[in-house]
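Biologist: I have a model open and would like to learn how to read its features one by one. Could you walk me through them?
Modeller: Happily; let us look at it together.

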Amino acid sequence: MTNEPLDAPRHYLILRPDSSEAAIAAALAGAEVACAALDTVGLDTAAIERAVQRLMPPLQAQDVAFLLTDGAGLALVQPLVGKLDADGLHLSDPAAYAGVRKALGKDRIIGLFCADSRHEAMEAAEAGADYVAFTPDVETIQVWAETMLVPCVSWDTPADAVEAVSAAGVEFVARRV
């Protein structure tokens, strides 16, 4: 008997500011997409605002949640979530969760990248994170999927790992577009 998930994982798009509309449309046509996050690494406020104004409306029109990542720095990005009416924030530092949740409130999505640390992920889940993200490590994902209720994301998943993390029970597969 194989360990097949009951449902196929939904997709999570990791967007660059220059992600093309055609690539996004292809991703939307090819799979059920639940969420997209703008990778803000190296961007300033103006660049983030331009990217969000271009990328967010067509995704939200398809009921895809739109998040920002904290790659450009939490102090810069966190205020933009509300200003730009993004759906939430993807954090790379689990220690920042409590302060971000307090600032953004309960209605925004806050997810945390926990690398391969189930301990950090458990702490994030207990604190109220909406999801935790792991590297595409099959064992970590399988243990999480079998024991925890908070959804997990296989972050920055290469095409050749999608089948394995799906079989491990991941709820979301995040891929760059």
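Biologist: Which residues are exposed on the other side of α4?
Modeller: First, a word of care: this is a predicted model. In α4, the exposed residues on that other side are A98 and K102.

Biologist: And what are the buried residues of helix α4?
Modeller: Helix α4 covers residues 97–104, and its buried residues are Y97, V100, R101 and L104. These residues cover an arc of only 100° around the axis, so they sit on the same side of α4.

Biologist: Which residues are buried in α5?
Modeller: The reading goes the way it did for the other helix. A121, A124 and A125 are buried in α5. Their arc around the axis is only 100°, which places them on the same side of α5. Turned away from that buried side is a face carrying the exposed residues H119 and E126.

Biologist: I see acidic side chains there too. Which residues form the negative surface patch?
Modeller: The patch is made up of D93, E120, E123 and E126. Take E120 as an example: this residue is in helix α5, residues 118–127. E120 has a relative accessible area of 32% and is partly exposed. A patch takes residues with over 30% relative accessible area and no salt bridge, so E120 can be included at its 32%. E126 belongs to the patch, and E126 is also one of the exposed residues on the face of α5 turned away from the buried side.

Biologist: Let us turn to charge pairs. What should I look for, and how many salt bridges does the count come to?
Modeller: The general idea is that side chains of opposite charge can pair when their charged atoms come close. Here the cut-off is 4 Å between a side-chain nitrogen of Lys or Arg and a carboxyl oxygen of Asp or Glu. By that rule the count is 8 salt bridges. One of them joins the side chains of D18 and R16, with 3.0 Å from N to O. D18 is exposed at a relative accessible area of 55%, while R16 is partly exposed at 37%.

Biologist: Which residues are linked in a network of salt bridges?
Modeller: That network links D39, D156 and R176. The side chains of R176 and D39 meet at 2.9 Å, N to O. This pair links distant parts of the chain, 137 residues apart: R176 is in strand β8 (residues 172–176), and D39 is in the loop between β2 (33–38) and α2 (45–61). R176 also forms a salt bridge with D156, at 3.1 Å from N to O. D156 lies in the loop between β7 (152–154) and α7 (162–168) and R176 in strand β8, so this bridge ties together parts 20 residues apart in sequence.

Biologist: Within that network, is D39 buried or exposed?
Modeller: D39 is buried, with a relative accessible area of 16%. R176, by contrast, is partly exposed at 40%, and D156 is partly exposed at 35%.

Biologist: What about backbone angles? Which residue has a positive phi of about 65°?
Modeller: As background, most residues other than glycine have a negative phi. D63 has that positive phi of about 65° although it is not a glycine. D63 is found in the loop between α2 and β3 (65–69), and counts as exposed at 70% relative accessibility. D156 also has a positive phi, near 55°, and is a residue other than glycine. You have met D156 already, as part of the salt-bridge network with D39 and R176.

Biologist: Finally, how do I read contacts between parts of the chain? How far apart in space are D156 and V173?
Modeller: Set the separation in sequence beside the distance in space. D156 and V173 are 17 residues apart in sequence, and their C-alpha atoms are 7.8 Å apart. Another pair to try is F134 and W155: these residues are 21 residues apart along the chain, with 5.7 Å between their C-alpha atoms. F134 lies in strand β6, residues 131–134, and counts as buried at 0% relative accessibility.

How values were computed
Residues numbered from 1 in each chain as written. Predicted model: local features only at pLDDT ≥ 70, side-chain atom pairs only at ≥ 80, totals over all residues. Heavy atoms only, no water. Patch = residues over 30% accessible without salt bridge, like charges linked within 9 Å, V, L, I, M, F, W, Y side chains within 5 Å. Areas by Shrake-Rupley, 256 points an atom, 1.4 Å probe, with all protein chains shown as cover. Lys, Arg positive; Asp, Glu negative; His and termini not counted. Charge placed at Lys NZ, Arg CZ, Asp CG, Glu CD. Helix = DSSP H or I, 4+ residues; strand = E, 2+ residues; numbered from the N terminus. Buried < 20%, exposed > 50% of the residue type's maximum accessible area, 1.4 Å probe, protein only. Arc of directions from axis to C-beta.
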